[in-house]
Amino acid sequence: MQQLQHAARALGWDGRLVPDVEVLGARFTAVARIRQDVHQWRRHHGWEPELDPAWFKAWSEPERHDQLPVAAVDLIGILVPVSKPSRALRACGMLLSLAPCAVVLPGRHREDPLSMLELDYYGAGIVTTGPDDAGELVLAPENRAAEFGSSMFGRWLLEVLYSRLLENPHIAENA
């Protein structure tokens with residue numbers, strides 16, 4: 001977890017690390033932040049995190065839901081540990097549509113110019129970390145989420161992260 005904290009700091013991502021998120025066949029650590037104003041409002045009005053994906057499907061049917069909760073979490077970025085650079089693009093894959101995604105490589109790796117060009121093209125980032133290393137930003141990720149637009153899946157993921165942050169107040173703060 002410490003290496004992921006170093007990676008988030010190297011990226012300038014200020015939020016809480018939510019480890020072991022598993023969606024779309026990918027496992028990653030999310031960097032998220034609770035929106036305190038929305039959280040207070042939702043708590044006051046009884047809007048707990050909604051974890052049932054079927055409930056979100058019903059959002060497209062306005063006659064079933066005349067009110068919807070505002071997202072109480074901002075997803076700042078996604079960190080995916082990988083063992084070698086050749087796995088970087090596959091590791092971020094679909095996650096690039098949700099938030100900036102960076103792979104975290106252990107130690108120093110020889111940079112392959114073709115892989116770097118490909119990662120840069122798709123907007124994936126790279127951070128290297130060592131056991132005593134503060135983390136080094138090799139390639140900054142881009143936020144391509146706006147290009148893909150919002151989705152029910154992305155909104156459901158925000159609710160999952162909201163639930164995890166509320167259930168685990170000990171989750172590491174990256175400050």
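## Exercises on a predicted model

Asp20 lies in strand 1, residues 15–23, where helices (H or I, at least four residues) and strands (E, at least two) are DSSP runs numbered from the N terminus. The model is predicted, so that local features need pLDDT of at least 70 and side-chain atom pairs count only at pLDDT 80 or more, while totals for chains, interfaces and linings use all residues. Residues are numbered from 1 along each chain as its sequence is written, and side-chain values use heavy atoms, with hydrogens and water left out.

**Exercise 1.** Describe the backbone and the exposure of Asp20.

*Solution.* Begin with the backbone: Asp20 is not a glycine, yet has a positive phi of about 55°. Most residues other than glycine have a negative phi. Then turn to exposure: with a relative accessible area of 46%, Asp20 is partly exposed, a class between buried (under 20%) and exposed (over 50%), using a 1.4 Å probe and protein chains only.

**Exercise 2.** Compare the expected span of helix 7 with the distance between its end C-alpha atoms.

*Solution.* The expected span is 1.5 Å times one less than the number of residues. For the 16 residues of helix 7 (residues 152–167) this should give 22 Å, and the end C-alpha atoms are 23 Å apart, which agrees.

**Exercise 3.** Find the contacts of Phe28 beyond its neighbours within four places in sequence.

*Solution.* Contact means heavy atoms within 4.5 Å. With those neighbours left aside, Phe28 is in contact with residues including Val18, Asp20, Ile78, Leu95 and Leu157. Of these, Leu157 is one of the buried residues of helix 7.
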